[in-house]
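This report walks through one protein model for a reader who has not met it before. Please keep the sequence and the structure in view while reading.

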Amino acid sequence: MPQTSSDPQPLSWQIGVVTVTRVEERISPVSWNWLVPEAAALVEQSRPWVDPYVSEDGSKLHLSVHSFVVQTPETLMVIDTCVGTRERSLPGDPNFGERLAAALPGGPDAVDVVVCTHLHFDHVGWNTIERDGQMVPTFANARYLVSKGELEAQRDEEDSESYAESIAPLLAAGCLYAVDSDHQIDSWVSLEASPGHTPGHVSVRITDGDDVGLITGDIIHTPIQLAYPTVRSNSDIDPATAIATRQRVIEEVVDTDVLLLGTHFGPPTAGHLRRHTDGIRFE
Ligand SMILES: [Zn+2]
């Protein structure tokens with residue numbers, strides 16, 4: 001699979017007292033057919049606002065894989081840990097671990113919480129690293145959080161390589177916590193149920209007074225789905241529920257100051273939803 005090179009200056013946003021930093025593992029051009037087939041026919045009418053997220057000729061989606069580092073006055077968090085070093089259906093980057101460590105004040109050992117929005121391979125790959133032939137937690141002092149529903153659903157996948165390498169070692173180390181899908185992490189950050197892509201999928205809400213941010217997770221793979229929420233992703237396990245989740249989030253966020261941070265959106269990655277006479281745009 002062709003890849004764009006990946007050495008960006010991390011993007012950063014301030015949501016009240018909370019700092020969010022995007023650390024990119026890789027952006028891969030992928031065919032619409034592979035991930036969101038119905039979006040292919042909607043590219044031209046979605047220009048120019050969709051331009052940063054598609055190839056110049058419109059034939060491919062630029063799929064970004066990145067972690068968000070969230071720093072509140074009390075808690076250092078990593079939201080999703082990308083693909084990792086193993087061979088998967090999307091390429092990772094063996095140098096990502098160093099880039100992520102550099103973006104963490106105090107380094108990996110200072111991380112308090114790792115959130116897995118869900119347990120697909122491109123969100124859990126750096127949960128663990130290999131040390132002396134064993135897979136061990138990358139963030140030695142962190143609590144790893146996943147929703148109860150998600151962990152339950154993934155028990156069926158116990159024999160998958162991703163589960164064996166990125167989830168099972170956390171269970172063995174006693175640092176994986178199955179929490180409610182509306183779990184409050186600290187005074188500023190909470191989980192929010194957003195099912196459909198996977199049964200126990202969660203998004204991450206950041207709130208400081210009137211300042212609000214929402215890290216989507218995989219309820220959306222391309223901003224085109226914000227304008228056309230019925231456009232399905234091939235990886236949505238329950239498409240009808242995924243559509244209902246997208247519609248709910250869009251209605252809640254459109255024409256508000258909520259900063260939407262796309263888990264698979266390349267730069268500029270974050271923006272606001274605005275309703276125009278010809279439809280909704282991500283700006
Ligand atoms: Zn994903």
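## A proline in a loop

Proline 91 lies in the loop that runs between strand S4 (76-79) and helix H2 (96-102), in what is a predicted model. Because proline 91 has 15 C-beta neighbours inside 10 Å, it counts as partly exposed. Proline 37 is 54 residues away from proline 91 along the chain, and the C-alpha atoms of the two are separated by 21 Å.

## Overall form

The secondary structure of the protein comes to 8 helices and 16 strands. Its radius of gyration is 18 Å, close to the 19 Å given by the globule rule for 283 residues, so the protein is as compact as a globular protein of that length. Measured out along its principal axes, the C-alpha trace spans about 55 × 45 × 35 Å.

Of the 283 residues, 45% count as buried. Among the contacts with a separation of 6 or more, 68% are accounted for by residues that stand 24 or more positions apart.

## The nonpolar core

In soluble globular proteins, nonpolar side chains tend to be buried together. The largest nonpolar core here holds 68 residues, of which Val70 and Val114 touch the most other members. Strand S3 (residues 60-71) supplies the largest share of this core, namely 6 residues.

Which residues is valine 70 in contact with, leaving aside its neighbours within four places in sequence? They are Val18, Val20, Met77, Ile79, Val189 and Ile206.

## An open sheet and a hairpin

Strands of a sheet pair through backbone hydrogen bonds, either parallel or antiparallel. In this model an open sheet of 5 strands follows the order S10-S11-S12-S13-S14, and its pairing is mixed. Strand S10 (189-193) and strand S14 (270-271) stand at the edges with a single partner strand each, so one side of each is left without a neighbour in the sheet. Within this order, strand S11 (residues 202-208) and strand S12 (residues 211-215) pair in the antiparallel sense over 5 bridges, and isoleucine 206 has glycine 213 in S12 as its bridge partner. Ile206 is also one of the contacts of valine 70.

Another antiparallel pair is made by strand S6 (residues 128-131) and strand S7 (residues 134-137), which are joined over 4 bridges, with glutamate 130 standing opposite methionine 135 in S7. S6 and S7 form a hairpin that leaves 2 residues between them, and in the turn aspartate 132 has a positive phi of about 50°.

## Helix H8 and its two sides

Helix H8 (residues 239-253) has 15 residues and reaches 21 Å from its first C-alpha to its last, which is close to the 21 Å expected at 1.5 Å a residue. Its buried residues are Ala242, Thr245, Arg246 and Val249. Seen down the axis of H8, these buried residues fall within an arc of 100°, so they line one face of the helix.

Against which helix do the buried residues of H8 pack? Their packing partner is helix H7 (224-227), whereas the face of H8 turned away from the buried side carries the exposed residues Ala240, Gln247 and Glu251. After H8 comes aspartate 255, whose phi is positive, near 60°.

Key: Residues numbered from 1 in each chain as written. Predicted model: local features only at pLDDT ≥ 70, side-chain atom pairs only at ≥ 80, totals over all residues. Expected span 1.5 Å × (residues − 1). Buried ≥ 20, exposed ≤ 12 C-beta atoms within 10 Å, placed from the backbone. Arc of directions from axis to C-beta. Contact = placed C-beta atoms within 7 Å. Pairing = 2+ DSSP bridges. Core = buried A, V, L, I, M, F, W, Y, C linked by C-beta atoms within 7 Å. Rg over C-alpha atoms; globule rule 2.2 N^0.38 Å.
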